[in-house]
Amino acid sequence: GRISVTHYHSAESGVISARRIGAIVGDMRGHRVFLCGPSGMMEVLADQYTAMHMRRSNIVYEDFSFLT
């Protein structure tokens with residue numbers, strides 16, 4: 001498969017959302033999404049993607065949270 005990386009700067013373009021990502025990359029059905037960032041942002045994006053009928057199994061998280 002092919003991997004595509006797009007950098008998104010929220011300070012310039014506003015808060016990231018699944019809808020905004022879809023506008024950048026096109027139809028996402030059947031594709032895998034890799035999320036990395038603050039856990040709250042990843043949870044919101046995952047919920048948005050599932051609301052758009054993306055399977056949870058196609059959403060991959062990279063979590064760097066530290067337990068204290």
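Half of the story here is long-range: residues 24 or more positions apart account for 50% of the contacts in the chain with a separation of 6 or more. Keep in mind that this is a predicted model. The chain has three helices and two strands, and from the N terminus on they run α-α-β-α-β. Much of what follows turns on helix H3, which gives the most to the largest nonpolar core, with four residues.

**Overall picture**

- Taken along the principal axes, the C-alpha atoms fill a box of roughly 40 × 30 × 25 Å.
- Of the 68 residues in the chain, 21% are buried.
- The chain exposes about 5700 Å², and carbon and sulfur atoms supply 55% of that area.

**Helix H3**

- H3 covers residues 39-51, and at 1.5 Å a residue its 13 residues should span 18 Å; the end C-alpha atoms are indeed 18 Å apart, so the expected and modelled spans agree.
- Met42, Leu45, Ala46 and Tyr49 are the buried residues of H3.
- Looking down the helix axis, those buried residues fall within an arc of 100 degrees, so they line one face of H3.
- The general background is simple: an α-helix has 3.6 residues a turn, so residues three or four places apart point the same way.
- The cover over the buried residues of H3 includes helix H2 (18-25), strand S1 (33-36) and strand S2 (59-62).
- Ser39 is also in H3, but it counts as partly exposed because its relative accessibility is 34%, which falls between the 20% and 50% cut-offs.
- Ser39 and Ser10 are 29 residues apart along the chain, and their C-alpha atoms are separated by 16 Å.

**The nonpolar core**

- Eleven residues make up the largest nonpolar core: Ile16, Ala18, Met28, Val33, Leu35, Met42, Leu45, Ala46, Tyr49, Met54 and Ile59.
- S1 and H3 each supply at least two residues of this core.
- As general context, nonpolar side chains tend to be buried together in soluble globular proteins.
- Val33 touches Met28, Tyr49, Met54, Asn58, Ile59 and Val60, leaving out residues up to four places away in sequence.
- Ala46, a residue of H3, has a relative accessible area of 0%, so it is buried.
- Setting aside neighbours within four places in sequence, Ala46 is in contact with Leu35, Arg56, Ile59 and Tyr61.
- Ala46 and Met28 are both members of the core; they sit 18 residues apart along the chain, with 13 Å between their C-alpha atoms.

**The two strands**

- S1 and S2 run parallel and are joined by four bridges.
- In that pairing, Phe34 stands opposite Val60 of S2.
- S1 has two faces: Val33 and Leu35 are on the covered one, while Phe34 and Cys36 are on the uncovered one.
- Val33 and Leu35, from the covered face, also appear in the list of core residues.

**The loop between H3 and S2**

- His53 comes just after H3 and is placed in the loop between H3 and S2.
- Phi of His53 is near 70 degrees, a positive value in a residue other than glycine.
- With a relative accessible area of 72%, which is over the 50% cut-off, His53 counts as exposed.
- Arg55 is in the loop between H3 and S2 too, and its relative accessible area of 55% makes it exposed.
- Arg55 and His31 are 24 residues apart in sequence, yet 9.4 Å apart in space, C-alpha to C-alpha.

**A glycine in H2**

- Gly22 lies in helix H2.
- At 19% relative accessibility, Gly22 counts as buried, because the cut-off is under 20%.
- The C-alpha atoms of Gly22 and Tyr49 are separated by 9.7 Å, with their positions 27 residues apart along the chain.
- Tyr49 is one of the buried residues of H3, and H2 is among the elements that cover those residues.

Key:
Residues numbered from 1 in each chain as written. Predicted model: local features only at pLDDT ≥ 70, side-chain atom pairs only at ≥ 80, totals over all residues. Heavy atoms only, no water. Expected span 1.5 Å × (residues − 1). Buried < 20%, exposed > 50% of the residue type's maximum accessible area, 1.4 Å probe, protein only. Arc of directions from axis to C-beta. Contact = heavy atoms within 4.5 Å. Core = buried A, V, L, I, M, F, W, Y, C linked by side-chain atoms within 4.5 Å. Areas by Shrake-Rupley, 256 points an atom, 1.4 Å probe, with all protein chains shown as cover. Pairing = 2+ DSSP bridges.
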